[in-house]
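User: I would like to learn how to read a few features of a structure, taking the general idea before the particular case. Could we begin with the packing of two helices?

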Amino acid sequence: MKLYCLSGHPTLPCNVLKFKSTTIMLDCGLDTTSVLNFLPLPLVHSPRLSKLPSWVSKDGTINLEKELKECAGRVFVDSQPEFCLPERELLDLSTVDVILVSNYHCMMALPYITEHTGFTGTVYATEPTLQIGRLLMEELVTFMERVPKAQSATCWKNKEIQRMLPGPLKDAVDVWTWKRSYSMQEVNSALSKVQLVGYSQKVELFGAVQVSPLSSGYSLGSSNWIIQSHHEKVSYVSGSSLLTTHPQPMDQSSLKNSDVLILTGLTQMPTANPDGMLGEFCSNLAMTIRAGGNVLVPCYSSGVIYDLLECLYQFIDNANLGTTPFYFISPVANSSLEFSQIFAEWLCHNKQSKVYLPEPPFPHAELIQTNKLKHYSSIHGDFSSEFRQPCVVFTGHPSLRFGDVVHFMELWGKSSLNTIIFTEPDFSYLDALAPYQPLAMKCVYCPIDTRLNFHQVSKLLKEVQPLHVVCPEQYTQPPQSQAHRSDLMLELHPPPMPYRRCSVLNLPFRRRYERVYILPELANSLVPSEIKPGVSLATVSAVLHSKDNKHTLQSVPKAPPAPPSKKRKRVPEEPPVLLGPKPLLSGAVPLEAFLATLQKHGITEVKVEETADGHILHLQAEDTLIQLEEDGTHIVCDNNEPLRTTLRDLVLRFLQRL
Amino acid sequence: MPEIKVTPLGAGQDVGRSCILVSIGGKNIMLDCGMHMGYNDDRRFPDFSYITQNGRLTEFLDCVIISHFHLDHCGALPFMSEMVGYDGPIYMTHPTKAICPILLEDFRKITVDKKGETNFFTSQMIKDCMKKVVPLNLHQTVQVDDELEIKAYYAGHVLGAAMVHIKVGSESVVYTGDYNMTPDRHLGAAWIDKCRPDLLISESTYATTIRDSKRCRERDFLKKVHESIERGGKVLIPVFALGRAQELCILLETFWERMNLKAPIYFSTGLTEKANHYYKLFITWTNQKIRKTFVQRNMFEFKHIKAFDRSYADNPGPMVVFATPGMLHAGQSLQIFKKWAGNEKNMVIMPGYCVQGTIGHKILNGQRKLEMEGRSTLDVKLQVEYMSFSAHADAKGIMQLIRMAEPRNMLLVHGEAVKMEFLKGKIEQEFSIDCHMPANGETVAVTTNPSVPVDISLNLLKREMALGGPLPDPKKPRTMHGTLIMKENSLKLVSSEQALKELGLNEHQLRFTCRVQLQDPHSDSDTLHRIYTHLKSVLKGYTIQHLPDGTVMVESIVIKVSSCAEDANTKVLLLSWSYQDEDLGSFLSTLLKKGLPSGLC
């Protein structure tokens, strides 16, 4: 049993598990932090960006005038942003049988895998994961395709040149494998391979393995997975939350009794309390608006934004923000808001009971109805005419490299009245802002990451007690910036098995048993005998049938009777059919009782001789020897087959057959 | 032999008060708990005293499962749980859980408030009953207890309708509830995987209908409405708030759009928004087309259908009005009916069943003069039409479901005996499986033949699979030997050697030695070789070795030769074998006693 680790990003994992005869990919995360090395893609021509100086190495030997631009001391690639894909060389991805997706953030690399590796299997995901995942992919594709960039920079990737570049470009790994965004056609094709599953649904894979998604409490439809056979159990924990937000609570108890627990997707902000951050978000927002400034919230179009809107719903009236317009701009804004309302089954209890009334589970329906929240597919069209300031704008992409957010950065960046509030934890805000420097607008960093923190996870692990834990190496040491915080790492006994990109781990499994089904006819013919109190034995002779990894035992078919016309001359001439061995024997033959039995059968003249290991019985009349020992009986009997068989049966009376 | 027992308390050779008791693997399950529309007395509810005479049912039932929100499937639920007494879990899907209490409350109001019945369940009882409900998601495997698991499948029929797969150990039953196998205007088709249950309990409302005539009924309906509108008449459609009403609304909405009709369609107040809201929020339960387009256009946000105000009833010109309740026994639908009944241009379309005693029932039976309160009479001049819109599987659909699930036995409920009989014959003929159709109170037992799950040691299994080769040979089945250890609740199959080891037992060797005298005038080694050749020719398929140390081994039986001290031509063969080779050893000693055939080289 092996685990191939294809991603080094702890919250955007991609691992492949070989379990029994199946090859299972666990998540398909796309590392988008690579886009921070690129210049932003403006929606309308940006004079500032186009006037950035080209970067030239100090000695002037490297001049990639067209590819590299410099802004505030940092170097950026002037090209369509590219993503860092899961490793594709570690194993042949066409052998992957199934892909299990745990949440919509962890499936963004799906089209690269399903469309370009010869993958022919099935992808399993819940309905919200599929629908919202589709929206996020669609958004990404739209962001990229509506501002096409003619040039594609590749020279900087040359190893010799990359070596000479300043950081962080110099240290970027595997830049040759970075890829541009996929197309909508590839998205549709990839998602057509998705098979929908519900929580606690048991899905059989080739009869060998059963997989089952469990609620993980992190986002709509987010799941952890159980991968098990009758005797082995692997739990895959990815992006889980114990906070009460909108999704159904996490199912913890089903993770119990795992042989191996693969732990990924812990919080990226272990020191930031989500509730505190939410408070800070609201107060900064109110402060800016009151001062007449605008608020920009770069965010994903699904997930935390639902909670932010719900929080604002309660907050705006108290804070006298009733007249402030809130805008949500994304190609999928409308869809995301609509979809959030139809997944009652996947929501927390409170929201479910609202649906029974029937009321929409999320209050953003009311914000839209009362015109407090407006959504637009982009800054073009209606928005440009309806837009009023000061206002609050929610828009993507949180990396600030593409999407409508780029426009607002150019528009509002120069005024210190405005504020940008970062809520998504995926990108360092300093890196995100780098190509916009110098910047006058205020920056507030309130990352909201509801995923498990180290305290919660150690409590969880104590509860569910897996035999072994596998996790990204990042979790086995404190973060670099807080090296003294030993509470920000996993401390377990036995210690967790760490992995990094390209690791191949041998999982510590000892498979000893397999499930087999005894057919009723055979089961009825078995004769159990009790050998110890509470323990019975039965010898089984059967024919094994194995089909689709399911094993059954049936009775041995009786040999067809010989045709009656052909009379056999003498029966003993026919050698016995090779029936396999007789059962093993166990126990001992007690001397006195055996002698008594012999006597009963008319064998009276017995001379008993004691030896080192037992006794020798000399049956004088029959000229036969029986050697009785603790762990063996030896019958020496010539020319008297009937006597031999009688003695055999008498001995067997004292022994157990296995 | 283990068996599954099924007793319908309702819906046995009948439609109405569905309630089926199933005993499987020591568990008792109640499937549906409905009321009968046709009765106003005790027969309205299933006879729960069949389960026990002494009141509460909690200890007799492991769970109750409700397939969908129609009253003939859930109408007796508060009576059963609150008045007879049941505190265990009640399973139903989310939409059923949402809509069921509304219909129950409607039912209660009609019975108690309008008809003045006492000794009926109260609003509070409905609430208390709903607190016992555990929501089910599609395809989720719910563990009712350690042994009993249930799983819901999509059934179409109405919003939230489900089929359930019930499993205990390796025995299983599927109950379909009501279902339809063809997608309709707002719902998808039922689907189940090849779960091969021991028993499939299916509804059989349309057991003899071969082609689904729903499209025709829809066309008929639209034609009648259209004709009436064309001649300037008003159309009244009495409905219940949920279910058929939405389907008819979609039907009219699309028709109005297509035909570009201008006549107004109204939906009586209070209901529209609320009822349609359920459909909007549970859109994942509707059909593919509606689900796909809901962001752009929610099918349950109607453009042409507006809220009704009572003053509109006197407006001149044609109109269509959906009004509650569905049986014309009270409320808005009755008021409008009174106003419009006198004009033969108008029409009333009854899209569902009407209980005896209601005006709906009377006019459907052709009564043209109605006695109203205050001794006034009402002349019914308007056209009266009945149109059934219930979505059920037809005979073809039922056969299709059997093909999908591959059950070992069939049981029909929720249909008329004569029609069932016909379908039963068809099923038995086509699938060669037993088909039952018990009447209410009659028990059917289906014997099951569960195989016994056992844990086999991987060593033994691998060894066996390696020896057996990649493909089984049907002519030469390999026999596998092992020991089954039964300890507490575990069953383990291991090799005999491992069994000895695991149980801490010593092995006892039983050996036999036998001397056989033989006349054979050759040297010892020649004799041995002659024995070897002889055995080789007799024992085909056995391993026979002539070892250099002067022995012949047949499998693990040792044969040695020595000359008799007195006579060099008399040879003494020494055979030695263990109990495990008893058959062969015994055979060899007998064979060799007969001497060696001449002509052996």
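Analyst: Two packed helices are described by the angle between their axes and by the distance between those axes. In this predicted model, B:L77, B:P78, B:S81, B:E82 and B:M83 of α2(B) meet B:M125, B:I126, B:D128 and B:C129 of α4(B). The residues of this contact divide into 6 nonpolar, 1 polar and 2 charged.

User: At what angle do helix α2 and helix α4 of chain B pack, and how far apart are their axes?

Analyst: Helix α2 (residues 77-85) and helix α4 (residues 123-131) of chain B pack at about 90°, and their axes are 9 Å apart. Angles of 65 to 115 degrees count as roughly perpendicular, and α2(B) and α4(B) are therefore described as roughly perpendicular to each other.

User: How should I read the interface, and what area do chain B and chain A bury between them?

Analyst: The size of an interface is often given as the accessible area that is lost when the parts come together. Here chain B and chain A bury about 7,900 Å² between them, with 59% of it on carbon and sulfur atoms. Of the area that chain B buries against chain A, B:L281, B:H508 and B:Y579 supply 10%, more than any other three residues. The contact takes 86 residues from chain B and 95 residues from chain A.

User: How many salt bridges are there between chain B and chain A?

Analyst: Side chains of opposite charge can pair when their charged atoms come close. Between chain B and chain A the count is 5 salt bridges, whereas a search of the whole structure finds 50 over all chains. The side chains of A:R648 and B:E582 meet in a salt bridge, at 2.2 Å from N to O. Within chain A, A:K193 forms a salt bridge with A:E115, whose closest N and O atoms are 2.8 Å apart. That pair links distant parts of the chain, 78 residues apart, with A:K193 in the loop between α5 (184-191) and β8 (194-196) and A:E115 in helix α2 (residues 110-116) of chain A.

User: Which residues of chain A does a cis peptide bond join?

Analyst: One cis peptide bond joins A:L357 and A:P358, with omega of about 0°, and A:P358 has its place in the loop between α9 (349-355) and α10 (364-369) of chain A. Another joins A:Q389 and A:P390, with omega of about -5°, and A:P390 is in the loop between α11 (382-386) and β17 (392-395) of chain A.

Notes: Residues are numbered from 1 along each chain as its sequence is written. Chains are lettered from A and ligands numbered from 1 in the order in which they are written. This is a predicted model: local features need pLDDT of at least 70, side-chain atom pairs count only at pLDDT 80 or more; totals for chains, interfaces and linings use all residues. Side-chain values use heavy atoms; hydrogens and water are left out. Axes are lines fitted to C-alpha atoms, for helices over the stretch in contact, and angles run from 0 to 180 degrees between N-to-C directions. Helices (H or I, at least four residues) and strands (E, at least two) are DSSP runs, numbered from the N terminus. Angles under 35 degrees count as roughly parallel, over 145 as roughly antiparallel, 65 to 115 as roughly perpendicular and the rest as oblique. Contact means heavy atoms within 4.5 Å. Ala, Val, Leu, Ile, Met, Phe, Trp, Tyr, Cys and Pro count as nonpolar, Asp, Glu, Lys and Arg as charged, and the others, Gly among them, as polar. Buried area is the accessible area (1.4 Å probe) that two parts lose on being put together, summed over both. A salt bridge is a side-chain nitrogen of Lys or Arg within 4 Å of a carboxyl oxygen of Asp or Glu.
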